[in-house]
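Hi,

Here is the structure I promised to pass on. Please have a look at it first, and then read my notes underneath.

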Amino acid sequence: MKVASVLIPLPVPEAFDYEVPEAVALARGDQVAVPLGPRLIRGVVAEVRETTGSNRRLKAVEQVLDDPRLPERTVDFVEWAARWTLSAPGEMAAAALKGLRAPRPRPERRVRRVGERSPAKLTAARAAVLEALGPRSMPGPDLARAAGVSSGVVKGLVDEGVLEVVEIEAVAAFDPPDPDHAPASLNPDQAAAADAIAEAVTGGGFAPFLLDGVTGSGKTEAYLEAAARTLKTDPAAQVLILLPEIALTQALIERIAARFGAAPAEWHSGVAPPKRRQVWEAVQAGRCNIVVGARSALFLPFVNLRLLVVDEEHDGSFKQEEGLVYHGRDLAVARGRIEAATVVLASATPSLETLWNAHQGRYGWLKLAARHGAAVLPQISLLDLRQAPPDPQTWLSQPLREAIGETLARGEQTLLFLNRRGYAPVVLCRACGHRMTAPDTDSWLVEHRYTGRLVCHLTGFSMVRPKLCPSCGAEDSLVSVGPGVERVEEEVRQLFPEARTAVFSSDTAPDGKSARALIQTMAEGGIDILVATQAAAKGHNFPHLTLVGVVDADLGLRGGDLRAAERTFQLLTQATGRAGRADKPGRAVLQTWTPEHPVLMALAAGDRDAFVEAEMAEREAASLPPYGRLAALILSGENAAAVDKVARELAGSIPNAERLEVYGPADAPLALVRGRRRKRLLVRADRDVDLQGFLRAWLARVKIPASVRLNVDVDPYSF
Ligand code: ADP
């Protein structure tokens with residue numbers, strides 16, 4: 001008899017076996033309905049095999065669903081990703097099918113001519129309608145508009161039977177990209193990079209590259225050229241470009257539309273579900289060549305994926321930490337290997353992991369040395385706040401104020417970067433010292449002036465700013481401590497009342513549309529001074545921006561995260577890299593209390609190698625990534641005692657292993673979230689240790705009660 005193992009969306013590590021009825025033909029990737037207890041559940045066939053007379057009484061596959069099949073290599077990828085991240089394969093498969101779960105777009109109602117029938121009375125308006133329509137079908141309102149008549153005229157023709165209404169299923173058409181539509185002429189570095197990538201694609205087989213070049217060096221132009229050549233040799237090829245932020249997608253989509261004469265498909269959580277379903281189906285049917293998306297686009301059912309680009313590959317936003325825990329960049333490389341495709345990781349500040357792989361020769365290393373054309377990198381200077389401290393309750397020092405004034409006088413733009421949303425990060429009582437904190441969560445409430453509320457950035461909890469101190473009852477004693485972007489903007493408005501200012505953060509630009517609008521206004525010169533968090537500091541081209549002021553360059557360097565230096569170096573390189581383009585040189589000013597900090601000195605000197613060398617040496621000494629590997633186990637639950645108990649049991653049952661240590665349990669970096677206590681165990685292993693194998697053996701030893709949740713984070717981003 002035939003047996004199918006089926007991936008079911010449940011938190012279990014294995015597929016379930018079902019008997020395949022005689023008359024049913026099944027293959028890997030098929031979607032089926034299978035009985036599970038009293039109900040039917042949807043699953044994906046992972047394997048079909050022949051067995052000889054098993055005496056186990058398997059239940060039978062109930063139904064083969066009419067849905068499109070997951071391509072075999074997509075199933076390979078899902079299974080690999082589940083093993084790598086220690087997730088349930090059925091839940092990974094469900095993530096790959098999520099796009100298909102959305103409703104279909106509603107069919108479109110159109111009118112068309114019924115045979116050759118003519119109206120009994122042909123008025124001028126009616127003639128205009130028939131003329132505008134011709135032999136086609138059109139939505140009624142569009143037709144009325146095209147003919148310049150009221151919709152009543154169209155309706156009259158329908159009532160008379162001259163026109164009929166038909167419902168047309170909306171099948172999204174993705175126009176094939178034209179590789180020769182508007183080619184760019186590349187500089188020699190770009191051409192060499194595009195050649196190497198295109199050659200690897202044509203050669204077939206897995207080929208990973210690091211595309212390494214300063215901001216504005218033309219990395220995007222280079223990989224688009226490689227994509228064009230890919231499509232030229234294989235018009236059915238599929239190309240996936242991943243970006244870390246939804247706010248960056250629009251600009252790239254427009255560039256691709258200009259380069260290829262056809263817009264690519266877009267895939268991220270901001271795209272309406274029916275639209276996502278269309279993209280899913282088009283990708284699976286091979287009707288869509290280029291996809292621009294967020295990390296979840298990795299799970300799309302590509303049938304001929306030849307080239308995968310991860311732009312801004314160093315960006316922590318590629319790490320998904322809720323639900324399925326995975327790093328989009330790492331899984332992109334894995335998907336490339338499984339699809340035998342070329343993978344391009346692009347960045348001006350590559351992650352240490354990627355640099356290490358390039359150094360080891362595992363990745364081809366393509367370098368773009370300088371900014372494209374006449375553009376030069378901004379001049380970066382450190383502004384020592386010990387020499388020029390800002391006045392009390394202000395955040396911009398005198399030299400930075402002067403620089404802003406000069407920039408304004410030249411009619412150029414300033415970006416003030418502060419990676420902190422809201423008005424003030426802390427609100428405290430002057431009378432008793434009480435800090436406003438979130439209930440049930442280990443975090444301070446951030447004051448937002450635009451909304452007049454105190455907000456927990458972890459959970460979204462918010463409350464009106466109280467009049468009385470909730471602890472001592474004092475009146476008017478609550479003070480706002482420290483700056484967020486709103487407060488810096490307030491200072492800017494007072495200093496430069498004539499300037500046009502705006503704030504760009506996830507509060508002022510919460511969705512793709514508002515972000516797009518703000519970015520466009522900035523790009524067109526409609527804003528003089530933009531105060532922004534990292535949401536606006538990455539990837540954008542603002543041609544009139546010549547001054548970047550970093551309000552608090554020390555911000556990211558505080559705190560215990562071992563990746564803090566790397567992350568701050570990357571973020572500040574990105575932020576300062578917004579200054580200056582082709583005909584306008586830029587400069588960046590970093591306000592700091594610690595100008596001797598190696599990260600800041602390397603930034604000011606434009607010496608990435610110095611930073612990387614120092615940081616690599618520290619990581620090597622501690623055997624931390626990329627020299628070793630980490631995994632975090634986070635236990636959480638409402639009952640602190642239960643969480644503690646599981647944590648102790650885990651600590652007491654660690655399998656023997658060499659070149660591997662377990663630290664903890666200790667409080668997790670966020671020890672209390674939404675009333676749930678969180679404990680963490682951290683595993684460090686040498687690179688050649690089978691870390692996942694160790695984790696599987698370990699977790700099999702401990703039974704975790706339903707009241708405690710375990711999250712496994714392999715290769716955590718923060719450590
Ligand atoms: P990166 O991706 O490295 O930040 P981009 O590809 O966005 O760089 O290029 C930066 C700017 O230079 C863009 O405005 C781009 O249009 C322009 N540019 C890059 N390469 C070329 C080229 N070969 N010809 C004309 N303009 C180019």
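Below are my notes on the ligand site, one helix and the nonpolar cores.

This is a predicted model, in which local features need pLDDT of at least 70 and side-chain atom pairs count only at pLDDT 80 or more, while totals for chains, interfaces and linings use all residues. Residues are numbered from 1 along each chain as its sequence is written.

Let's start with the ligand. There are 15 residues around it, and G218, K219, T220, E221 and H372 come nearest (near means a C-beta atom, placed from the backbone, within 6 Å). Helix α7 (residues 219–233) is the largest contributor to this shell, with 3 residues; helices here are DSSP runs of H or I, at least four residues, and strands are E runs of at least two, numbered from the N terminus. By type, the shell has 2 nonpolar, 11 polar and 2 charged residues, with Gly counted among the polar ones.

Next, helix α8 (residues 246–260). Its end C-alpha atoms are 21 Å apart, which agrees with the 21 Å expected for 15 residues at 1.5 Å a residue (1.5 Å times one less than the number of residues). Its buried residues are I246, A247, L248, T249, I256, R259 and F260, where buried means 20 or more other C-beta atoms within 10 Å of a residue's own. Among the elements covering them are α7, β11 (265–267) and β12 (290–293). Just after α8, G261 has a positive phi of about 70 degrees.

Finally, in the largest nonpolar core, of 143 residues, V6, I197 and F209 touch the most other members (a core joins buried Ala, Val, Leu, Ile, Met, Phe, Trp, Tyr and Cys through C-beta atoms within 7 Å). A second, separate core of 17 residues includes I634 and L681.

Best wishes

Notes: Buried ≥ 20, exposed ≤ 12 C-beta atoms within 10 Å, placed from the backbone. Contact = placed C-beta atoms within 7 Å.
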